Amino acid sequence: MPKVPAITEAEWDVMQVLWDDAPLAAQDVHQRLGEKRDWSPRTVKTLLGRIVRQRALTYREDGKRYLYRPKVSREACLRHASRSFLETVFAGDAAMLVTHLVRHSRMSRDDIESLKQILDDKEH
């Protein structure tokens, strides 16, 4: 598995599309992002090129177009981004992060029970 790069918010949007449904051509990525982002096809191609250079995407030629596929998993990118966020914003203190999220987020009873179960499992 390749090294997980730090990707920007815009690159996350592109990667989400490809994690959900790869391989895709640039035109397909542009269409899927249409409602969320008002980007030109050129912008999407620029982002795809940047992500390829970071080695998070690979591609293969298919006639006159390229089909793009993730080289890194969504889970690996989530782990990398969350670790980076934890270190940057909460000085690596996971308890402080969880406390902040619990205090400042809306949570259903099911969410609370699920969190209790996770914490209980972590304790054992």
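This note goes through a predicted model point by point, beginning with the sheet and moving on to the helices and the loops.

1. The sheet. The model contains an open sheet of 3 strands, arranged in the order β1-β3-β2 and paired in the antiparallel sense. The strands at the edges are β1 (24-25) and β2, each of which pairs on one side only. As general background, strands of a sheet pair through backbone hydrogen bonds, and the pairing may be parallel or antiparallel.

2. The pairing of β2 with β3. Strand β2, covering residues 57-62, and strand β3, covering residues 65-70, are antiparallel partners joined over 6 bridges. Several of the partners can be followed along the two strands: L57 is bridged to P70 in β3, T58 stands opposite R69 in β3, and E61 has Y66 of β3 as its bridge partner. The hairpin formed by β2 and β3 has 2 residues between the strands, and within this hairpin G63 takes a positive phi near 70°.

3. The pairing of β1 with β3. On this side of the sheet, β1 and β3 run antiparallel and are joined by 2 bridges. A reader who wants to locate the pairing in the model may look at L24, whose bridge partner in β3 is Y68.

4. Helix α1 and the sheet. Helix α1 lies across β1, β2 and β3, and its direction is at about 90° to that of β3. One residue of this helix deserves separate attention, namely E11, which is placed in α1 and counts as buried because its relative accessibility is 2%, where buried means under 20%. When its neighbours within four places in sequence are left aside, E11 is in contact with A6, L47, R50, I51 and Q54.

5. Helix α1 against helix α2. The axes of α1 (residues 9-20) and α2 (residues 26-33) come within 10 Å and cross at roughly 105°, and the two helices are therefore roughly perpendicular to each other. From α1 the contact draws on D13, V14, V17 and L18, while α2 supplies V29, R32 and L33. Sorted by class, the residues of this contact are 5 nonpolar and 2 charged, with no polar residue.

6. Helix α3. This helix runs over residues 41-53, and its 13 residues should span 18 Å at 1.5 Å a residue, which agrees with the 19 Å between its end C-alpha atoms. The buried residues of α3 are V44, L47, L48, G49 and I51, and the elements that cover them include α1, α2, β2 and β3. Two of these names, L47 and I51, have already appeared among the contacts of E11.

7. Helix α4 against helix α5. Helix α4 (residues 74-90) and helix α5 (residues 94-104) pack with their axes 10 Å apart and at an angle of about 90°, so that α4 and α5 are roughly perpendicular to each other. In the contact between them, F85, L86 and F90 of α4 meet A94, M96, L97 and H100 of α5. By class, this contact has 6 nonpolar residues and 1 polar residue, and no charged residues.

8. Backbone details in the loops. The loop between α1 and β1 holds P23, and the peptide bond leading from A22 to P23 is cis, with omega near 0°. Further along, R55 has a positive phi of about 65° although it is not a glycine; R55 comes just after α3, in the loop between α3 and β2, and it counts as exposed because its relative accessibility is 57%, where exposed means over 50%. A91 also has a positive phi, of about 50°, although it is not a glycine. A91 belongs to the loop between α4 and α5 and is exposed, with a relative accessible area of 68%.

9. A long distance within the model. In the loop between α2 and α3 sits S40, which is partly exposed, having a relative accessible area of 34%. Where does S40 stand with respect to G92, in sequence and in space? The two residues are 52 residues apart in sequence, and their C-alpha atoms are 38 Å apart in space.

Notes:
Residues numbered from 1 in each chain as written. Predicted model: local features only at pLDDT ≥ 70, side-chain atom pairs only at ≥ 80, totals over all residues. Heavy atoms only, no water. Axes fitted to C-alpha atoms, helices over the stretch in contact; angles between N-to-C directions. Helix = DSSP H or I, 4+ residues; strand = E, 2+ residues; numbered from the N terminus. Parallel < 35°, antiparallel > 145°, perpendicular 65-115°, else oblique. Contact = heavy atoms within 4.5 Å. Nonpolar A, V, L, I, M, F, W, Y, C, P; charged D, E, K, R; others polar. Pairing = 2+ DSSP bridges. Buried < 20%, exposed > 50% of the residue type's maximum accessible area, 1.4 Å probe, protein only. Expected span 1.5 Å × (residues − 1).
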